[in-house]
Amino acid sequence: MEQLLRVQNFCVSRDGFGAGEHQSLARPFGDADPGELFAWAGATASWPNRTDPGGSRGIDDYFTRDFAHNIGAEIMGRNKFGPQRGPWADQDWRGWWGEEPPFHTPVFVLTHHTRPSFTLSDTTFHFVDADPATVLERAREAAQGKDVRLGGGATTVREFLDADLVDTLHVAVAPVEFGSGTRLWASPDELLDRFHLDVVPSPSGVTHHLFWRR
């Protein structure tokens, strides 16, 4: 069975930005407020960080539940992993997620400055300097027959789109505008030469864009 490369629950503003400018340790999404992007997911019954009962059901909850389904590895850009640029000045930094990262699979971090792999709980981070096709090949091998998730950020998703390696995308467009930052697209129509598209509005205010290869 074919192993898909999937973009899942990737959130952008109405003007196409996945994050703002000026990322820092205190602000992983830079000037943008991640709460405005992810409010739809945090309100669902299946949100993994939910500490109280309840939460919404319906289309938003379906996508939250589906996040880990048949995923065997993840690929992410370095700036999703952390705010450092250039050589690793602090190798004690082990990601935004603490001792229990939410991935539960091998994770391949794209970087021009490699460092040794390490494991937190059931997630192992590997730091690779290679082209998208080579990284995907390694991730598929690690996924052991399951699909690979392309986790972002927007620059990394565009890199794999430009290499024609992405099979499916789910992008949740939030009803806010950032004006600047890291952009996924100027318009979703940019992808229609290669993908079919269904657009599903949600009562939460986000609009789910579902792409699959033609």
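**Exercise 1. The second largest pocket**

Task: In this predicted model, find how the lining of the second largest pocket divides by class, and which elements supply it.

Solution.
- Step 1. Sort the lining residues by class. There are 7 nonpolar, 4 polar and 3 charged residues.
- Step 2. Look at the total and the centre. The lining has 14 residues. Nearest the centre lie Arg6, Phe63, Asp66, Thr168 and His170.
- Step 3. Trace the lining to its elements. Strand 1 (5–12), helix 2 (59–66), strand 8 (168–173) and strand 11 (207–213) each give at least two residues.
- Step 4. Pick the main supplier. Strand 1 contributes the most, with 4 residues.
- Step 5. Add the volume. The pocket holds about 230 Å³.

**Exercise 2. The order of the sheet**

Task: State in what order the strands of the open sheet lie, and which strands stand at its edges.

Solution.
- Step 1. Read across the sheet. Its 9 strands follow the order 5-6-4-3-7-1-8-11-10. The pairing is mixed.
- Step 2. Go to the ends. Strand 5 (118–120) and strand 10 (195–201) each have a single partner strand, so one side of each lacks a neighbour in the sheet.
- Step 3. Check the turn between neighbours. On average, neighbouring strands are turned by 20° against each other, direction ignored.

**Exercise 3. Strand pairs, one by one**

Task: Work from strand 5 towards strand 1 along the sheet order. For the pairs, say how many bridges join the strands and in which sense they run.

Solution.
- Step 1. Strands 5 and 6. They pair in the antiparallel sense over 3 bridges. Threonine 119 has threonine 124 of strand 6 as its bridge partner. The hairpin has 2 residues between these strands, and its serine 121 takes a positive phi near 55°.
- Step 2. Strands 4 and 6. These run parallel and share 5 bridges. Proline 106 faces threonine 124 in strand 6.
- Step 3. Strands 3 and 4. Strand 3 (71–77) and strand 4 (106–110) are parallel, with 4 bridges. Methionine 76 is set opposite valine 109 in strand 4.
- Step 4. Strands 3 and 7. Here 5 bridges link two parallel strands. Isoleucine 71 stands across from aspartate 147 in strand 7.
- Step 5. Strands 1 and 7. They are parallel too, joined by 2 bridges. Arginine 6 stands opposite arginine 149 in strand 7. Arg6 also appeared in Exercise 1, among the residues nearest the pocket centre.

**Exercise 4. Covered strands**

Task: Decide how many residues are buried in strand 7 and in strand 6.

Solution.
- Step 1. Set the cut-off. Buried means under 20% relative accessible area.
- Step 2. Apply it to strand 7 (147–152). Here 6 of the 6 residues are buried, so the rest of the structure largely encloses this strand.
- Step 3. Apply it to strand 6 (123–128). Here 5 of its 6 residues are buried, and the strand is mostly covered.

**Exercise 5. Helices against the sheet**

Task: Say which strands helix 1 touches, and which strands helix 5 lies across.

Solution.
- Step 1. Take helix 1 (34–42). It packs on the sheet and touches strand 1, strand 8 and strand 11. Its direction makes about 115° with that of strand 1.
- Step 2. Take helix 5 (154–162). It lies across strands 1, 3, 4, 7, 8 and 10. It runs at about 130° to strand 7.
- Step 3. List the buried residues of helix 5. They are Ala154, Thr156, Val157, Arg158, Phe160 and Leu161.

**Exercise 6. Unusual backbone angles**

Task: Find where the cis peptide bond lies. Then find where histidine 22 and histidine 104 sit, and how exposed they are.

Solution.
- Step 1. Recall the usual case. Most residues other than glycine have a negative phi, and most peptide bonds are trans.
- Step 2. Locate the cis bond. It joins glycine 152 and glycine 153, with omega about 0°. Glycine 153 is in the loop between strand 7 and helix 5.
- Step 3. Move past helix 5. Just after it, aspartate 164 has a positive phi of about 60°.
- Step 4. Turn to histidine 22. Its phi is near 65°. It sits in the loop between strand 2 (17–19) and helix 1. Its relative accessibility is 60%, so it counts as exposed.
- Step 5. Finish with histidine 104. Its phi is positive, about 60°. It belongs to the loop between helix 3 (78–81) and strand 4. With a relative accessible area of 46%, histidine 104 is partly exposed.

Notes:
Residues are numbered from 1 along each chain as its sequence is written. This is a predicted model: local features need pLDDT of at least 70, side-chain atom pairs count only at pLDDT 80 or more; totals for chains, interfaces and linings use all residues. Side-chain values use heavy atoms; hydrogens and water are left out. On a 1 Å grid over the protein atoms alone, a cavity is a set of points where a 1.4 Å probe fits but cannot get out, and a pocket is an open set with protein on both sides within 12 Å along at least five of seven lines; lining residues have an atom within 4 Å of a point. Grid points are joined across faces, edges and corners, and a volume is the space filled by probe spheres set on the points. Ala, Val, Leu, Ile, Met, Phe, Trp, Tyr, Cys and Pro count as nonpolar, Asp, Glu, Lys and Arg as charged, and the others, Gly among them, as polar. Two strands pair if DSSP finds at least two bridges between them. Axes are lines fitted to C-alpha atoms, for helices over the stretch in contact, and angles run from 0 to 180 degrees between N-to-C directions. Contact means heavy atoms within 4.5 Å. Buried means under 20% relative accessible area, exposed over 50%, partly exposed in between (1.4 Å probe, protein chains only).
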